[in-house]
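Hi,

Here is the model I promised to pass on. Have a look at it first, and then read my notes below.

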Amino acid sequence: MKTLRDIALLYRRSFVQTFRVPVWLAISFSTPLLYLALFTPLLKSLPGGSEFPPGVNVLEIFLPGILALMAFMSGASAGFSTIFELQAGYTERIRVTPASRLALLIGPILSSLTWTFFFMTMIVVVAEPFGFPIHIAGLLIAYVLLALLMVLFASFSIAVALLTKEINSFAAVVNGINLPLLLLAGILLPLELGPAWMRVIGHFNPLYYVVEADRLLAAGHLWNTTIVEGFLVMVPLTALAVVWATRVYRRAVS
Amino acid sequence: MNTNGQPVLEAHDLTKTFHTRKEKIEAVRGIDMEIWPGEIFGFLGPNGAGKTTTLRMLSTLLPIESGRAMVSGFDVYKSPHQVRQRIGYVSQLGGSDRLATGREDLLLQGELYGMGRREAEQRADELIEVLDLAEFASRRVQSYSGGQRRRLDIALGIMHRPDVLFLDEPTTGLDPQNRANLWVQISKLREAGTTIFLTTHYLEEADALSNRLAIMDHGQLVAEGTSRQLKQQIAADSVVVSLQEDGAGSEGAMRLLQEQDFVREVSAEPDHLRLYVDDGVTALPRILRLLDRNGMAIKTVTLSEPTLDDVFLRYTGRSLRDAGHPLD
């Protein structure tokens, strides 16, 4: 129970501090809005293939992708704070306390996750009047899947930050991994629009399964193989990433 | 010094080797030491001597490779959790939380050590008082000056009343005024009975604050003892006496002093006598009494000790003042 208490303490710290960086809040909210405002119009004028049947609003395809992108980016960028905390000596100070190593990792991640959920919900609410149909049950399950995605990449990002210790190597590693993952997940446009080889490679990308499942869930489907696949891929991967990052916290020589 | 009971901290044959692709760096090569309750143990050495590596091993941050370290009876390698509960550690970087206020940061620290909210609040207020943080404790840390931040760092380190506080180069980067202020704060902690393990590369600091000190160079302890003991090993103290009447009085005094067995050597210089003695502090009153009893009035007397710099020079072959620049 010490672990739960430590998680709560470190969660509260991160959560409260988010208010103190209003710029971060503004950017976090405006980025997905910009995608919606400046990217969606382009989709509407695409030659309507089989993926965009006449009755379907492009937002139904595009918005779940934006939500996945938000969860992914929030996770992948988690290590930036870690780098700053390392350089300020905060990480070392906190590692000398008897606080649970799992809590050191997961407290701040859960705080970012809360904020991500908040922004995701705002985006859904904003998109609704423009023709995005809200399926509550499906969205809730999608949130669980996206939470796994966020925790997976946040753990990975923080572990990489602890191991690289400085901003340049960290940014290089994280960006180098992000871009191919994003491009091969069909996050903005479904991979079905691309050639067969892209879809084949996509199957080796965990993010692909999340995005596929996420689109179906957002459309109100609650149960089919794609959704189950999404969870079957994410649950073990996320667990692995959390265990690994906790180990790095235990051993990191910072 | 209190040598009853258990040492707070002991290390036996502690070693650490870093492996890089090309070479093996033996950062710490077999360190033995004991630190007793209430001591301020000064750990002196040039940058790169292995001080911080030693400290990081003792404070559970770096795995111990070989040898053994115990804190309050707990093995640092086997029971890091128990050890963490009993030590405070203030790194060179500090570690205060930039976006938190000083008080919030103290509360978080206390609670992570298992204190209840109320207990943490009481302790935080106490430390705000003791370390003089009241003026800025409710402001965010990012607005603090270097000296203010250092005081908060130390408060964070002792929030949970540790058995031993590790201070790694606490005054590095502070201006002389803030350094002096911090010395006062550290002395207050000593008076309150806090056991402190202090690394520094400032001789004045080690001399002013610590009861006992060790000199580390190239991964090994090259000397250990009280500041006085170390200096005594180096050279004798010198006492310079000048008498009221010149000439005849001086010669009589010289003969008289040469007969004393605590005086190693006396030399007559133009207007004063220079005596070399083993221990100036005990020799001085004897010299005064002797001269007085023989009717020789003293005009001035000065006692000068060898400095720690002399000690350092002797053991490491170089002066600490030019022993290099920070490596990290």
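**Notes on the model**

Let me start with chain B: of its contacts (heavy atoms within 4.5 Å) between residues at least 6 apart in sequence, 69% link residues at least 24 apart.

Before the rest, a word on the ground rules. This is a predicted model, where local features need pLDDT of at least 70 and side-chain atom pairs count only at pLDDT 80 or more, while totals for chains, interfaces and linings use all residues. Residues are numbered from 1 along each chain as its sequence is written, chains are lettered from A and ligands numbered from 1 in the order in which they are written, and side-chain values use heavy atoms, with hydrogens and water left out.

On confidence, pLDDT is the predictor's own score for each residue, from 0 to 100. Chain A averages 91, and 94% of the residues score at least 70. Among the elements of chain A, helix H7 (residues 136–164) has the highest mean pLDDT, 97, and helix H2 (residues 22–44) the lowest, 86.

**Chain B overall**

You'll find 11 helices and 14 strands in chain B; these are DSSP runs numbered from the N terminus, with helices being H or I of at least four residues and strands E of at least two. The C-alpha atoms of chain B fit a box of roughly 75 × 50 × 40 Å along the principal axes. Of the 328 residues in chain B, 52% are buried (buried is under 20% relative accessible area, exposed over 50%, partly exposed in between, with a 1.4 Å probe and protein chains only). About 15,100 Å² of chain B is exposed, with carbon and sulfur atoms supplying 47% of that (areas are from the Shrake-Rupley method with a 1.4 Å probe; for residues, only the protein chains shown count as cover).

**The four-stranded sheet**

Strands S2-S1-S4-S5 of chain B, in that order, form an open sheet of 4 strands with antiparallel pairing (strands pair if DSSP finds at least two bridges between them). S2 (24–35) and S5 of chain B are the edge strands with a single partner each, so one side of each has no neighbour in the sheet.

Going across the sheet:

- S1(B) and S2(B) run antiparallel and share 9 bridges; B:Thr17 has B:Glu26 in S2(B) as its bridge partner.
- S1 (residues 9–19) and S4 (residues 66–71) of chain B are antiparallel too, joined by 5 bridges, and B:Ala11 sits opposite B:Ala69.
- S4(B) and S5 (residues 74–75) of chain B pair antiparallel over 2 bridges, with B:Met70 opposite B:Asp75.

The hairpin of S4(B) and S5(B) has 2 residues between the strands, and B:Ser72 there takes a positive phi near 45°.

**Residues to look at**

Is B:Glu111 buried or exposed? It counts as buried, because its relative accessibility is 5%. B:Glu111 lies in helix H3 (residues 102–112) of chain B. Leaving aside residues up to four places away in sequence, B:Glu111 touches A:Arg5, A:Leu9, A:Arg12, B:Arg117 and B:Ala120.

Two loop residues other than glycine have positive phi values. B:Asp132, with phi near 65°, is in the loop between helices H4 (117–130) and H5 (146–158) of chain B; at 45% relative accessibility, B:Asp132 is partly exposed. B:Arg161, with phi near 50°, is in the loop between H5 and strand S7 (164–168) of chain B, and is partly exposed at 47%.

Cheers
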